[in-house]
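Got a protein chain in front of you and not sure where to start looking? Let's walk through this one together, from the whole chain down to a single side chain.

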Amino acid sequence: PEALQVHNKTMRELIQKWGGYEVKTIGDSFFVAFGDANHAVYFAAEVQLAMLKAPWPMSLLQIPECLLEYDGDDLEHTLWGGLRVRAGIHIGCQNSVELDPETQKADYFGPTVNYAARVESRALGGQVLVSVAVRQRLESP
């Protein structure tokens, strides 16, 4: 529970910083919408760094998948530690927006959302993947 609180607090602080909209959460998964692809990418990258520096409980850092990892013998350069978040980013127009009866917040549906979920599902913990559409948007002047 404490690790999930650290995770959720970190996510929500960065969602606000980068102007995202928290559509919903399912367990430890966040569905976030951004009005700008750049902000989505900056958010996802900063989440990775923030999770590295988060104040994880010692009990979590004893789990093999969450152990602190260093760059060789350089104990000043932590490569990983704590929960590993994966992210998938896609852009497009929302096809359907409905009011969630439980949260009273807008919920998005349709092919754009489904594609973003597929991109995210291919990522491993600690990775940020973007669709070709996002890459092209970021590369365009």
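Two residues are in contact when they have heavy atoms within 4.5 Å. With that in hand, here's a first result for this predicted model: of the contacts in the protein chain with a separation of 6 or more, 56% are between residues 24 or more positions apart.

**The whole chain**

Going from the N terminus, you'll meet the elements in the order α-β-β-α-α-β-β-β-β-β-α-β-α. That comes to 5 helices and 8 strands. Here are some overall values for the protein chain:

| Property of the protein chain | Value |
|---|---|
| Box filled by the C-alpha atoms, along the principal axes | roughly 50 × 40 × 25 Å |
| Buried share of the 141 residues | 30% |
| Accessible surface | about 9,100 Å² |
| Part of that surface belonging to carbon and sulfur atoms | 54% |

What about charges? The chain carries 12 positive and 18 negative ones, and the mean positions of the two groups are 7 Å apart.

**Helix H1**

Now zoom in on helix H1, which covers residues 2-17. Its 16 residues reach 23 Å from the first C-alpha to the last, close to the 22 Å expected at 1.5 Å a residue. Just after H1 comes Gly19, with a positive phi of about 75 degrees.

Which residues of H1 are buried? They are Ala3, Val6, His7, Asn8, Thr10, Met11, Leu14 and Ile15. These buried residues pack against strand S1 (21-26) and strand S2 (29-33), and also against helix H2 (37-53) and helix H3 (58-61).

Let's pick one of them, Leu14, which sits in helix H1. Why does Leu14 count as buried? Because its relative accessibility is 7%, and buried means under 20%. Leaving aside residues up to four places away in sequence, Leu14 touches Phe43, Glu46, Val47 and Ala50. For a sense of distance, try Leu14 and Arg135: they are 121 residues apart in sequence, and their C-alpha atoms are 22 Å apart in space.

**A hairpin to find**

Next, look for strand S3 (residues 69-71) and strand S4 (residues 74-80). How do these strands pair, parallel or antiparallel? They run in the antiparallel sense, with 3 bridges. Take Tyr70 as an example: its bridge partner is Thr78 in S4. S3 and S4 form a hairpin with 2 residues between them. In that turn you'll find Gly72, which has a positive phi of about 65 degrees.

Key: Residues numbered from 1 in each chain as written. Predicted model: local features only at pLDDT ≥ 70, side-chain atom pairs only at ≥ 80, totals over all residues. Heavy atoms only, no water. Helix = DSSP H or I, 4+ residues; strand = E, 2+ residues; numbered from the N terminus. Buried < 20%, exposed > 50% of the residue type's maximum accessible area, 1.4 Å probe, protein only. Areas by Shrake-Rupley, 256 points an atom, 1.4 Å probe, with all protein chains shown as cover. Lys, Arg positive; Asp, Glu negative; His and termini not counted. Charge placed at Lys NZ, Arg CZ, Asp CG, Glu CD. Expected span 1.5 Å × (residues − 1). Pairing = 2+ DSSP bridges.
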